[in-house]
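Reader: I'm new to this one, so could you take me on a close look at a single part? I'd like to hear about the empty spaces inside, and about what sits in them.

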Amino acid sequence: MKKKLILGLLFIVITAGCTQCSGTEEVTYEKKLARSGGVSYDEKYITIGFIQTGKESDWRDANTRDYQNTFTKEKGYNLIYIDGNSDARRQVKAMHDLISQGVDYIILDPIVEDGWDDILKLAQDSKIPVLLADRGVSADPSLYTCWIGSDFKTEGVNAVKWLADYLEKQGRKSEDINLVILEGTKGASATIGRTEGLRKEISRHKNWHILASECGNFTQGEGKAVMEQILEKHKDIDVLISENDNMMFGAMKAMTQKDVSYGVDGDVITISFDALGEAFERMMTGELMVSVECNPLIAGLCEKVIRQIEAGHEVAPVQYVQESVFTYKNAGEYSKDRKY
Ligand code: GYE
């Protein structure tokens, strides 16, 4: 454990409430990091600065809780939690702040892939290991310690493989199929990877047509709004693929309002990503047909990496979390054992 003259702040909270960050983006950016109380630095503890993306989805909440439950005082950590508030510039600013405090480690979940080169270089020059978790960056891998998260492209491929298999079993293999995609945040590696996997696999089916592929920013509200617009333009949708569960829940509301039926007994086949608790409930009712799992429980692997570094060991530069695909058919079997 390093000895550093720093304040071991337990939490840094960049207030996510809209009342405090309303107004222009400029105002948001200029706003100082607000700290909700702190504890004196104690060299017994390893100080971890964790920069989260924000609170855009239920997946994110489960992921944040995982860090808070993993990096506890009892286990020897001071966790400095920073809410990026869905603002990449705020995340960069927070990283500057953590570097100047001299934290022991930074765990970064970057909202978007681009724009990290300079600040990663600064962390490296300051000898602070940076672990990327969940989403990745476009910067050179030599600038950070490792990346831990999901194989987003494979998730996209798996979603379409399930669809092809389902349509074949329904005797619809040669039918013209119209698809709509709700994409996540632009520039986010989860969006880039899933979209790439989806498009690659969809292009193998010449009778499948993408009617619309629009950004819903991973939020339930935007998923609903975007789907409302899509339903104004397109009446004959066979498949809706949403790049996370929350956008799907929003889109389901929009479909219900327009009397468009969906799910096992409906007109629109529904596929999404994450496989959170509510997705399991909706798969069991047949509203949601598939949710490709994206595991938010990443903190344990991050802790393992930190322990390895503390012990002077090499760490693997890329580490994937375990994931599977759940459907309306098997959701009941697995729902009781789900942890998020
Ligand atoms: O699918 C979505 C979240 O980056 C994998 O971000 C994550 C995605 C997740 O907000 O729900």
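Author: Let's begin with the word "cavity": on a 1 Å grid over the protein atoms alone, a cavity is a set of points where a 1.4 Å probe fits but cannot get out. A pocket, by contrast, is an open set of points with protein on both sides. Keep in mind that this is a predicted model.

With that in hand, searching the whole structure turns up two cavities of 30 Å³ or more. The largest cavity holds about 100 Å³ of space, and this is where the ligand sits.

So what are the walls like? The lining of the largest cavity is made by 13 residues. Nearest its centre you'll find Trp 59, Arg 60, Arg 135, Arg 194 and Asp 274. Helix 3 and helix 7 each put at least two residues into that lining. Sorted by class, the lining has six charged residues, five nonpolar and two polar.

Now look from the ligand's side. There are 13 residues around the ligand, and Glu 56, Ser 57, Arg 135, Asn 244 and Asp 274 come nearest. Arg 135 and Asp 274 may ring a bell, since they are also among the residues that lie nearest the centre of the largest cavity. The shell around the ligand draws at least two residues from helix 3, which runs over 58-70, and at least two from helix 7, at 189-202. By class, this shell counts six charged, five nonpolar and two polar residues.

Zoom in on the atoms and you can pick out some polar pairs. The side chain of Ser 57 has an N or O atom 2.8 Å from an oxygen atom of the ligand. For Asp 134, a side-chain N or O atom is 2.9 Å from a ligand oxygen, and for Arg 60 the distance is 3.1 Å. As for cover, the ligand taken alone exposes 300 Å², and the protein buries 100% of that.

Before you leave, have a look at the second largest pocket, with a volume of about 250 Å³. It is lined by 14 residues, and those nearest its centre are Glu 113, Gly 136, Val 137, Tyr 144 and Trp 147. Strand 5 (146-149) and helix 7 are the elements that give two or more residues to this lining. Helix 7 gives the most, with three residues. You've already met helix 7 in the shell around the ligand. By class, the lining of this pocket has nine nonpolar residues, four polar and one charged.

Technical notes. Residues numbered from 1 in each chain as written. Predicted model: local features only at pLDDT ≥ 70, side-chain atom pairs only at ≥ 80, totals over all residues. Heavy atoms only, no water. Near = heavy atom within 4 Å. Polar contact = N/O pair within 3.5 Å; in protein donor to acceptor, adjacent residues only side chain to side chain. Areas by Shrake-Rupley, 256 points an atom, 1.4 Å probe, with all protein chains shown as cover. 1 Å grid on protein atoms, 1.4 Å probe; cavity = no way out; pocket = protein on both sides within 12 Å on 5 of 7 lines; lining within 4 Å. Sits in = over half its atoms within 2 Å of the grid points. Helix = DSSP H or I, 4+ residues; strand = E, 2+ residues; numbered from the N terminus. Nonpolar A, V, L, I, M, F, W, Y, C, P; charged D, E, K, R; others polar. Points joined across faces, edges and corners; volume = space filled by probe spheres on them.
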